[in-house]
Amino acid sequence: MAKEFSEDTKNKVLLWSDRHCCLCKKACGVDIQVHHIIPKEKKGTGVIDNAIPLCYDCHAKVHYSSLQGNSIKPNELKRRRDQIYEEFTHHLLSPVMFLLTQRGGREFPSIGFDIRNTGNTYPIGVRVDLYAYAKRKEIHFKKGENGYYSGRHIWNLNPGKGFINANFILPDYMMPVGFTELTAEEQSSYKLQIRIKLTIIDILEREHELLPEGFIYSPTIQSEQKWYAEP
Ligand SMILES: [Zn+2]
């Protein structure tokens, strides 16, 4: 990994901070520098997570305080920086609606996944990470098995469009043993849960991780959907 920040990295962090200092929050215009949180002498690299935009004053003070053995810890710098990034990019986050469904007589373990950008302004990219509770632990889709649900593939969601109606097969390793042979009542009482974590990528290519949301499979309920939300 290169030690210096690439032009693309600098460009991104200055956009994400809207050229504000990530320590004192001053609007800096051109008087801003991109600082290494872990210094190059201490094996800090040019990776974007090691970058923080600072005004000239704060940049000098951060260097001076680390000489005095009184430095702000990297973890605090990153959290402050992330707060600033969030403040100047959260308006780019379009609301997303998604659900699991067996609508149209879809037979388990084929599961419908509907997702939609419900905003009317910004396009977004979304990574979908799907987990199931089976064998008493949370199991993620295997990397490589289905990139659409293991976070690798980026779903493009434009504003003002309807739902994308997608689907996937829940693989055996994510299900309790013998689950498909159970009766609908038995399957319902088992409360098979799927949790979905979305990561939204805004038009400035910043990733926003949302909290995971759970759904319980219940083939006996009236609704055609057969999955209900479990917060
Ligand atoms: Zn500053």
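What percentage of the 231 residues of the chain count as buried? In this predicted model, the share is 44%. The secondary structure of the chain consists of 4 helices and 12 strands. The radius of gyration is 23 Å, whereas a compact globule of 231 residues would have a value near 17 Å. Consistent with this description, the C-alpha trace spans about 70 × 40 × 30 Å along its principal axes. Among contacts with a separation of 6 or more, 64% are made by residues 24 or more positions apart. The accessible surface of the chain comes to about 13000 Å², and carbon and sulfur atoms contribute 51% of that area.

The metal site was examined next. The zinc ion has four protein donors, namely the SG atoms of Cys21, Cys24, Cys55 and Cys58, which lie 2.3 to 2.4 Å from the ion. In sequence, the donor residues follow the spacing C-x2-C-x30-C-x2-C. The 4 donor atoms subtend angles of 104 to 116 degrees around the zinc ion, and the arrangement is therefore tetrahedral; the criterion for four donors is that all angles lie between 85 and 135 degrees. For reference, the ideal angle for four tetrahedral donors at a metal is 109.5 degrees. Two of the donor residues can be described by their accessibility. Cys21 is buried, with a relative accessible area of 0%, whereas Cys24 is partly exposed at 41%.

Aromatic contacts were then considered. A search of the whole structure identifies 15 aromatic pairs. One of these is formed by Phe113 and Trp155, whose rings are arranged edge-to-face, with a distance of 5.5 Å centre to centre and 70 degrees between the planes. Phe113 belongs to strand E4 (residues 110-117) and Trp155 to strand E7 (residues 155-157), so this pair ties together parts that are 42 residues apart in sequence. Phe113 has a relative accessible area of 0% and is buried; Trp155, at 7% relative accessibility, also counts as buried. Trp155 takes part in a further pair with Tyr149, in which the ring centres are 5.8 Å apart and the planes stand at 75 degrees, so that this pair is likewise edge-to-face. Tyr149 is buried as well, with a relative accessible area of 2%. These three residues belong to one aromatic cluster, which is formed by Phe98, Phe113, Phe141, Tyr148, Tyr149, Trp155, Phe168 and Phe215.

Several features of the backbone were also noted. Phe108 and Pro109 are joined by a cis peptide bond, for which omega is about 10 degrees. Pro109 is placed in the loop between strand E3 (96-101) and E4, and strand E4 is the element that contains Phe113 of the aromatic pair with Trp155. Asp18, although not a glycine, has a positive phi of about 50 degrees. Asp18 lies in the loop between helix H1 (7-16) and strand E1 (32-36) and counts as partly exposed, at 46% relative accessibility. A positive phi, of about 55 degrees, is also found at Lys191, which is not a glycine either. The position of Lys191 is in the loop between helix H4 (184-190) and strand E9 (193-201).

Conventions. Residues are numbered from 1 along each chain as its sequence is written. This is a predicted model: local features need pLDDT of at least 70, side-chain atom pairs count only at pLDDT 80 or more; totals for chains, interfaces and linings use all residues. Side-chain values use heavy atoms; hydrogens and water are left out. Donors are N, O and S atoms within 2.8 Å of the metal (3.2 Å for Na, K and Ca); water is not among the atoms, so sites may look incomplete. Four donors count as tetrahedral if all angles lie between 85 and 135 degrees; four count as square planar and six as octahedral if opposite donors are over 155 degrees apart and all others between 65 and 115; anything else is irregular. Buried means under 20% relative accessible area, exposed over 50%, partly exposed in between (1.4 Å probe, protein chains only). Helices (H or I, at least four residues) and strands (E, at least two) are DSSP runs, numbered from the N terminus. The radius of gyration is taken over C-alpha atoms; the globule rule is 2.2 Å times the number of residues to the power 0.38. Contact means heavy atoms within 4.5 Å. Accessible areas come from the Shrake-Rupley method with a 1.4 Å probe; for residues, only the protein chains shown count as cover. Rings of Phe, Tyr and Trp (its six-membered ring) pair if their centres lie within 6.5 Å; planes under 30 degrees apart count as stacked, over 60 as edge-to-face and the rest as tilted.
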